[in-house]
Amino acid sequence: MIKIQNLSTQFSLKSKNLFKKNILKAVEKVNLTIPKNSVMGLVGESGCGKSTLGRSILRLIEPSEGEVYFYDNDILKFTNKEMSSLRKKLQIVFQDPYSSLNPRMTIFEILKEGLDIHYNYSKAESIDKSMDIITRVNLKKDILQRYPHEFSGGQRQRISIARSLILNPEFLVCDEVTSALDVSNQAQIINLLNEFKKELKLSILFISHDLNIISYFSDYIAVMYLGKILEVGTKSDIINNSTHPYTKALFSSIFDISKRGQKVNLLKGEIPGSINKPTGCYFHTRCPYAKERCSHEVPIETKISGTQSTYCHYPLNSK
Ligand SMILES: Nc1ncnc2c1ncn2[C@@H]1O[C@H](COP(=O)(O)OP(=O)(O)OP(=O)(O)O)[C@@H](O)[C@H]1O
Ligand SMILES: [Mg+2]
């Protein structure tokens, strides 16, 4: 339903040299397809470009090149007007349930604000819709007259989800929505998203650092490194049959049973800076299998199966 092709987003940064601008390529030539009614987990170390990718897809940041197809339309070609009428279909929920809700508005005003922008409901209809969505995120109807500060982190996150879902979206970007929550609230949020996914046939780009949650909730997983996707596949492709050394290293830190649940981290060395990225395969400076070719030749997509692709010159365990 969402098909991203060749998507790049860059930022220009001020440098000490007045005549030279530093370009930071936060997202580089990303291809990704998110089918209807499925969750694409997006993982990768801090700063690799996950949030920038999520926001670029929704045009909250303007990409510098590429295409983003929503069904058959490239939404990067949409005018501002076309884009604003599409916004209700494409929603985002952020990490921080404290800063993303306006403290001066009641919960009802927060929910109604989106409805007023995108739909033409009467006040009575807005009240009905708000009551309905608020009970579906397991909160009581009488909270509608209260203010965000009166709620816990988990409750606020449910309010943020309600604010997005009241608009009846088809695609949702969840950017670290469970990161600020404790374990029991994390589970509640995931269960809630799961119910809505089934009911609304939602497609979700689920960005998270937490590999356990990603592994539990995703149908597909994409692994990102320094702005690029290095491997993508179904959850099982990525967890049981990963072919990129980076994916292996990342996931082995949680799934190595021989270490009796101990965290082992196979990733040696620092992640390189995003401005002066390595040549060739970006991962070669940390890759235990890197050969000469990896340091100068950029890997192109290798199809491992109908669902799995890797960007590595020497994929592991590929049949
Ligand atoms: N508005 C901006 N201006 C300049 N650089 C930016 C901007 N937003 C992000 N960046 C840079 O782009 C890169 C990708 O950042 P991004 O926030 O997308 O990473 P991330 O994977 O979401 O990280 P995290 O896991 O910490 O949330 C980083 O190097 C970051 O410093
Ligand atoms: Mg982020």
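Q: Over which residues does pLDDT stay under 50?
A: This is a predicted model, and the mean pLDDT of the protein is 91. Of its residues, 94% reach 70 or more. One stretch, for which the model has 10 contacts beyond four places in sequence, stays under 50. That stretch is residues 255-264.

Q: Is Glu 170 buried or exposed?
A: Glu 170 lies in the loop between α5 (153-165) and β7 (171-175). Its relative accessibility is 17%, and the cut-off for buried is under 20%. Glu 170 therefore counts as buried.

Q: Which residue's side chain is joined to that of Glu 170 by a polar contact of 3.2 Å?
A: Beyond four places in sequence, Glu 170 touches a set of residues including Met 1, Lys 36, Phe 70, Tyr 71 and Lys 89. Lys 36, Lys 89 and Glu 170 are also linked in a network of salt bridges. The polar contact of 3.2 Å joins the side chain of Glu 170 to that of Lys 36.

Q: How many salt bridges does a search of the whole structure find?
A: Side chains of opposite charge can pair when their charged atoms come close. One of the pairs here is Lys 303 with Glu 301, where the closest N and O atoms are 3.6 Å apart. Lys 303 is exposed at 58% relative accessible area, while Glu 301 is partly exposed at 35%. For the whole structure, the number of salt bridges found is 14.

Q: With which residue does Asp 74 form a salt bridge?
A: Asp 74 is buried, with a relative accessible area of 10%. Its partner counts as exposed, at 64% relative accessibility. The closest N and O atoms of the pair are 3.1 Å apart, and the partner is Lys 77.

Q: Why are Asp 132 and Arg 136 separated by about one helical turn?
A: The side chains of Asp 132 and Arg 136 meet in a salt bridge, at 3.0 Å from N to O. Asp 132 is partly exposed at 37% relative accessible area, and Arg 136 is partly exposed at 26%. The separation is about one helical turn because, in helix α4 (residues 123-136), the two are apart by 4 residues.

Q: Which residue's backbone oxygen does the side chain of Arg 156 reach at 3.3 Å?
A: Arg 156 is in helix α5 and counts as buried, at 7% relative accessibility. Its contacts beyond four places in sequence are Pro 97, Tyr 98, Leu 101, Pro 148, His 149 and Phe 151. A polar atom of its side chain lies 3.5 Å from the backbone oxygen of Phe 151. The backbone oxygen reached at 3.3 Å belongs to Pro 148.

Q: How many Å apart in space are Ile 75 and Thr 279, C-alpha to C-alpha?
A: Ile 75 is in the loop between β5 (73-74) and α2 (80-86), and at 1% relative accessibility Ile 75 counts as buried. Residues touching Ile 75 include Ile 57, Arg 59, Val 68 and Phe 70. Thr 279 is 204 residues away from Ile 75 in sequence, and the distance in space is 32 Å.

Q: What is the phi of Tyr 71?
A: Tyr 71 is found in the loop between β4 (65-70) and β5, and counts as partly exposed at 38% relative accessibility. Most residues other than glycine have a negative phi. Tyr 71 has a positive value instead, near 50 degrees.

Q: Which residue in the loop between α5 and β7 has a positive phi of about 65 degrees?
A: The residue is not a glycine. It is partly exposed, with a relative accessible area of 40%. Its place is the loop between α5 and β7, and the residue is Asn 168.

Q: What is the accessible area of the nonpolar patch formed by Phe 11, Leu 13 and Ile 275?
A: Leu 13 is found in strand β1 (residues 2-13). Its relative accessible area is 32%, which makes Leu 13 partly exposed, and residues of a patch need over 30%. Together with Phe 11 and Ile 275, Leu 13 forms a nonpolar patch on the surface, with an accessible area of about 200 Å².

Conventions: Residues are numbered from 1 along each chain as its sequence is written. Chains are lettered from A and ligands numbered from 1 in the order in which they are written. This is a predicted model: local features need pLDDT of at least 70, side-chain atom pairs count only at pLDDT 80 or more; totals for chains, interfaces and linings use all residues. Side-chain values use heavy atoms; hydrogens and water are left out. Patches are made of residues with over 30% relative accessible area and no salt bridge: like charges are joined within 9 Å, nonpolar side chains (Val, Leu, Ile, Met, Phe, Trp, Tyr) within 5 Å. Accessible areas come from the Shrake-Rupley method with a 1.4 Å probe; for residues, only the protein chains shown count as cover. A salt bridge is a side-chain nitrogen of Lys or Arg within 4 Å of a carboxyl oxygen of Asp or Glu. Buried means under 20% relative accessible area, exposed over 50%, partly exposed in between (1.4 Å probe, protein chains only). A polar contact is a pair of N or O atoms within 3.5 Å; within protein, one must be able to donate a hydrogen and the other to accept it, and residues adjacent in sequence count only if both atoms are side-chain atoms. Contact means heavy atoms within 4.5 Å. pLDDT is the predictor's confidence in each residue, from 0 to 100.
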